[in-house]
Amino acid sequence: MRLYRLAAQNVKGNLKNYSSLVLSLAFTIMIFYNFQNLAYSDLFAAVGEMNENYSHMLIQTLSVVLGVFIVFFTGYATNVFLTRRKKEIGIFIFMGLTNRRIGRLYLMEMMMAGAVTLAVGIGFGVLSTQLFQMLLLAMSDITVEIGFLFSIKPVLITAGFYLLVYLAFILKGYVNIAGSSVLDMVSASRQNESVRLPGIVLLLKSVLGIGILSAGYALAVAESSEGVLEHAVLAVVLVIAGVYFLFGGMIPAVFQGLSKNKRFLYHAERTLWVNQMVFRMKKNYRTYAIVCVLMICSVTALSASFALKERYQSMVHFRGTYTYQLLSSRTDLDETAKKLIEQENEIAFGTHMPILYLEDEKKLQQEQQKPTGLLGWSYLKQLAQAAGLNLDVKEPKDGEAIEVSHLYLISLITQRKGVPVQVDDQTFLKVDEIHEPYLGHLQERMTFYLISDAEYARLRPLGQELYAYNYRIKDIYNYKASLEAIDTLVSLTDDNYTARIVTGPDSGKDVEWVKILYSLCVFLVMVFITASGSILFMKLYNDALEEAGRFDVLQKLGCSYSSLKRAVSRQLFVSYAVPLIVMAVSSYFSVCALEKVMDTSLASIRLVSVGIMVVFFYVCYRVSVGIYLRNARVYKNGGFHMNA
């Protein structure tokens, strides 16, 4: 039989066994292709040039993230293929084939499997282009007329990148086979990922894992006025390393200790699965660590998606607090402005208050480019009551200041308290930061600090007192009707400083790219979840094939089907539960880090994200039990019937 015919037969048989990995890798290729298709399309031209540029930049950035993931996932998939195939391929040596010919057989098999994966991925990518765009625009709440977009460039980029990565890994496999002995290949599927480790080594890895994880968690939630990105990158590296040591040391040590506890072991049929968990945890700890890291990425990305959507809506609402705002040195514009606006619109509410504007930069020694104003406590309290806004902070003491800021998408400064603010010859201590839209869109144009009434009166001679007049109309879609009157009012105050801000219902147009960002995050989450589920599912699938002989013996010894099913169910439940528990703990800190840079509470969002992961993996667990029993040849009829 020619090598290519033998390779084709092997591929046909193994595609069924490894369909979960092939399909999940094809799904990743499909998403990557659609990202590239979006990057080279004009789909976002209708949302404005700035939003279009931001959108393309985000797509390319997420494509890089997805590309890194494809490298990792392809490496894992090809390694799983190689490990499972080595035993079967090794038998061909007894048929007279040399290692090099066996290596060529492996290359042919992998090229065929890779071609099928690539064809399925790009094929479904092309077919799902419109669906992908519709889902993206629906989640982004952007109205754009779409059509079937096809370009050869995204196909070439996707195919070229995947083939480059795939060829590198299968050539590595060819070199591995060419240098392997017969014994290595025949026993490859039973070789552990690591040698059996003594207790002292497990203890050392446990201590390292806990220590490294703790350091990563501490960095993730630490407040800082600088170096936030460096801390975030280091925290990610430490958490990944900590998870690796945790699954390589502490968790196997715990199960090993349980297996030595006779009171625990000889209860509820635990002898049928606890010792097996000790072996599996030691053998597959790298896989469990990989799955756990992917779970953490999924929860963090999903939380980020929910948080970004919520923040976008809050930013638009923040800007729309007032329709018209005037900033003037005149103290008598309130009644005049109201009369002009009421000629065409009905005012829902209006507020006004003085602002101490600091013109000289030396009087406020802070590293910021926006102009700065000081707010008096009593003035702001009256404005909050008139506008129906919360003021849930205490009046600052003398020498204290509270920053009245706008809503940031993210901030690289997470230390928001205890920061000194120098005004003239006095140092104020920043004790808090609030984001209520007391001055609406004006808070994006200026930096405000809330101080006590006594401090405001003392500092009044240092700056110029301006007055902010703010009005919200009932019909915001009719805002243009009063615009000419407002502009006339501004133009008639030549002798005094007067400026205006008008905010219409389309005030969020310049940040519409945020909607695209949180929608793209959802697709990344789908890739991460699918990959983590596929990897764990595939590992358990292989474990079941290896356990078939052990279950044959147990059935012949008289173990009932119900007992074996309960043992398998508990073993698989623990296999899914352990990574989920580590993920739940680690994701708490990763989402806390997200809370810091977004300065908001994401507790409910994190619970929803973790809940989605739990539901997904529970479904995987229920499906895995039946497949595991079938692959391990555990039937209600018993082992004797199977051998008949």
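In the predicted model, the residue that follows helix 19 is aspartate 599, which has a positive phi near 50 degrees. Helix 19 itself comprises 38 residues, spanning positions 561-598. From its first C-alpha to its last, helix 19 reaches 53 Å, which is close to the 56 Å expected at 1.5 Å a residue.

Strand 2, formed by residues 347-358, pairs with two other strands. Its pairing with strand 9 (residues 464-473) is antiparallel and contains 10 bridges. Within this pairing, leucine 356 has glutamate 465 of strand 9 as its bridge partner. Strand 2 also runs antiparallel to strand 4 (residues 372-376), to which three bridges join it. In that case, threonine 372 of strand 4 is the bridge partner of leucine 358.

Internal cavities were also examined. Six cavities of 30 Å³ or more were counted, and the second largest has a volume of about 60 Å³. The lining of this second largest cavity consists of 11 residues, of which Val22, Leu25, Phe81, Thr117 and Tyr166 are the closest to the cavity centre. Four helices each supply at least two residues of this lining, namely helix 2 (19-39), helix 3 (49-91), helix 4 (99-127) and helix 6 (152-178). In terms of residue class, eight of the lining residues are nonpolar and three are polar, while charged residues are absent from the lining of the second largest cavity.

Note on methods
Residues are numbered from 1 along each chain as its sequence is written. This is a predicted model: local features need pLDDT of at least 70, side-chain atom pairs count only at pLDDT 80 or more; totals for chains, interfaces and linings use all residues. Side-chain values use heavy atoms; hydrogens and water are left out. Two strands pair if DSSP finds at least two bridges between them. On a 1 Å grid over the protein atoms alone, a cavity is a set of points where a 1.4 Å probe fits but cannot get out, and a pocket is an open set with protein on both sides within 12 Å along at least five of seven lines; lining residues have an atom within 4 Å of a point. Grid points are joined across faces, edges and corners, and a volume is the space filled by probe spheres set on the points. Ala, Val, Leu, Ile, Met, Phe, Trp, Tyr, Cys and Pro count as nonpolar, Asp, Glu, Lys and Arg as charged, and the others, Gly among them, as polar. The expected span of a helix is 1.5 Å times one less than its number of residues.
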